[in-house]
Amino acid sequence: MIAQAAYVHQIEAIFRKEFNREPALLVRGPGRINLLGEHTDYNGGLVLPASIDKEIVFAIARRTDRTGRIVAENVNQSFSFDLDDFTQSPLGWPNYLMGVVDQLQKAGYFPGGFELVFGGNIPSGAGLSSSAALECGLAFGLNKLFSLGVSTLDMVKLSQRAENQFVGVNCGIMDQFASMFGRDQSVIQLDCKSLHHEYFPFLTTDYVLILCDTGVKHSLGDSEYNTRRQECETGVAILQKYKPDIRLLRDASTELVDAHRDEMPGKVYQRCRYVTEEIRRVRVACEFLLQNDLAAFGKKMYETHAGLQHDYEVSCPELDFLVDQTRPDDAVLGARMMGGGFGGCTINIVAREAADAFVARMSMAYEEAFHIELKCYPVRITDGTSVLEV
Ligand code: GLA
């Protein structure tokens with residue numbers, strides 16, 4: 001059970017003030033971290049994410065008409081739309097929500113009008129998937145409010161489609177899956193091809209997960225994400241000539257990629273090698289979790305960072321600096337960049353007793369090197385999207 005943070009009461013209070021009544025339902029949609037398995041989701045590979053105690057809270061109630069009235073507490077903006085006739089908004093954030101309504105309707109589910117206030121504590125631009133939290137939270141809330149009967153997996157899929165088609169971001173399925181299916185003290189090993197998932201224990205009594213936020217988001221990130229996807233597809237097309245049943249890089253091994261290295265452009269080879277190695281790494285690392293060997297697990301995180309930095313080339317100087325700073329530190333078991341790359345956060349496994357010293361040291365070094373204040377967020381793994389009982 002999650003302690004009720006002050007912002008939950010604030011969201012409720014805004015709802016009362018705005019709509020003159022009590023919300024019918026409170027929902028929390030968490031952000032996500034990813035321990036291992038980066039840039040593998042759109043290759044049908046394995047990922048290892050978890051939902052965390054950085055979340056968006058939704059206060060929601062039905063309306064009798066066909067209007068969606070929404071207040072975004074964080075940005076202090078309101079938005080209304082007609083459920084039977086809507087299109088993209090230049091405001092940006094309403095698109096994540098309208099996208100979900102759009103996808104629900106396309107799938108044959110018809111929620112009625114609703115009133116909604118949302119807000120929370122997911123730092124924006126840090127790569128913790130506030131967008132997935134927004135989509136999954138609304139899908140979950142409307143599903144409950146109108147008893148639509150959508151399965152959890154279908155809510156995940158339609159939230160991803162909302163982002164792909166309505167918002168126009170070509171993301172994989174990891175973020176939405178993690179936000180919806182997360183479980184306290186566990187990471188999710190998700191097979192992004194079969195969508196089979198399994199929980200592995202991630203017990204952090206002696207260790208704490210700390211995110212270090214570079215505070216930068218290099219603008220080439222989005223275009224490079226799409227380029228990486230294309231490079232992976234090029235690799236698949238080349239490998240298919242030799243093994244026609246290969247549909248995704250997930251279906252190939254590092255050995256196969258190596259065997260056809262000469263037929264691939266250099267960058268394509270590097271991308272394929274990284275992805276096939278990373279998928280294997282997730283498998284191996286999960287065995288370490290079963291043995292509760294976080295030290296061995298942490299070494300895999302450093303390997304992932306090296307792959308993302310040198311082979312997949314989605315890191316940046318700020319992220320590399322933060323990871324390098326941790327290398328001589330015995331209190332840090334593992335560190336790597338997290339998410340799409342080109343900015344956002346690193347994720348670190350740090351001895352609990354050394355956490356304060358870690359934050360102080362990292363902040364000082366980062367400020368000195370980049371003249372940017374380093375924000376550090378200790379995070380706790382929590383359950384996924386759920387009703388909030390107050
Ligand atoms: C972004 C996307 C995810 C995933 C990661 C990289 O966060 O939204 O689907 O591809 O990048 O692992």
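**A walk through a predicted model**

Over residues 289-362 the chain is 51% helix and 20% strand, and the C-alpha atoms at the two ends of this span are 27 Å apart. The structure is a predicted model. An unreviewed UniProt entry annotates residues 289-362 as "domain: GHMP kinase C-terminal". The same kind of record, also unreviewed, lists residues 15-62 as "domain: Galactokinase N-terminal". In the model, residues 15-62 are 10% helix and 54% strand, with end C-alpha atoms 13 Å apart.

Next comes the sheet. In what order do the strands of the open sheet lie? The order is β5-β4-β6-β3-β1-β13, which makes 6 strands with mixed pairing. At the edges are β5, residues 77-82, and β13, residues 386-387, and each of these pairs on one side only.

Start at the β5 edge. Strand β4, residues 67-72, runs antiparallel to β5, and 6 bridges join the two. Two residues of β4 can be followed across to their partners. Arg-69 stands opposite Ser-80 in β5, and Ile-70 has Phe-79 of β5 as its bridge partner. Strands β4 and β5 form a hairpin with 4 residues between them. In this hairpin, Asn-76 takes a positive phi near 55°.

Helices lie against the sheet as well. Helix α2, made of residues 93-106, lies across β4, β5 and β6, the last of these being residues 114-120. The direction of α2 is at about 30° to β5. Helix α5, residues 174-181, packs on the sheet and touches β1 (25-34) and β3 (49-62). Its direction makes about 130° with that of β1.

Finally, look at the ligand. Which residues surround the ligand? They are Arg-32, Glu-38, His-39, Asp-41, Tyr-42, Cys-171, Gly-172, Met-174, Asp-175, Tyr-225, Gly-339 and Gly-340. Some of them place polar atoms by the oxygen atoms of the ligand. For Glu-38, a polar side-chain atom lies 2.6 Å from a ligand oxygen. For Arg-32, a polar side-chain atom lies 3.2 Å from an oxygen atom of the ligand. Gly-340 takes part through its backbone, with a polar atom 3.5 Å from a ligand oxygen. How much of the ligand does the protein bury? Taken alone, the ligand exposes 310 Å², and the protein buries 90% of that.

Methods
Residues numbered from 1 in each chain as written. Predicted model: local features only at pLDDT ≥ 70, side-chain atom pairs only at ≥ 80, totals over all residues. Heavy atoms only, no water. Pairing = 2+ DSSP bridges. Contact = heavy atoms within 4.5 Å. Axes fitted to C-alpha atoms, helices over the stretch in contact; angles between N-to-C directions. Near = heavy atom within 4 Å. Polar contact = N/O pair within 3.5 Å; in protein donor to acceptor, adjacent residues only side chain to side chain. Areas by Shrake-Rupley, 256 points an atom, 1.4 Å probe, with all protein chains shown as cover. UniProt positions renumbered as here; feature names shortened; annotations may be inferred.
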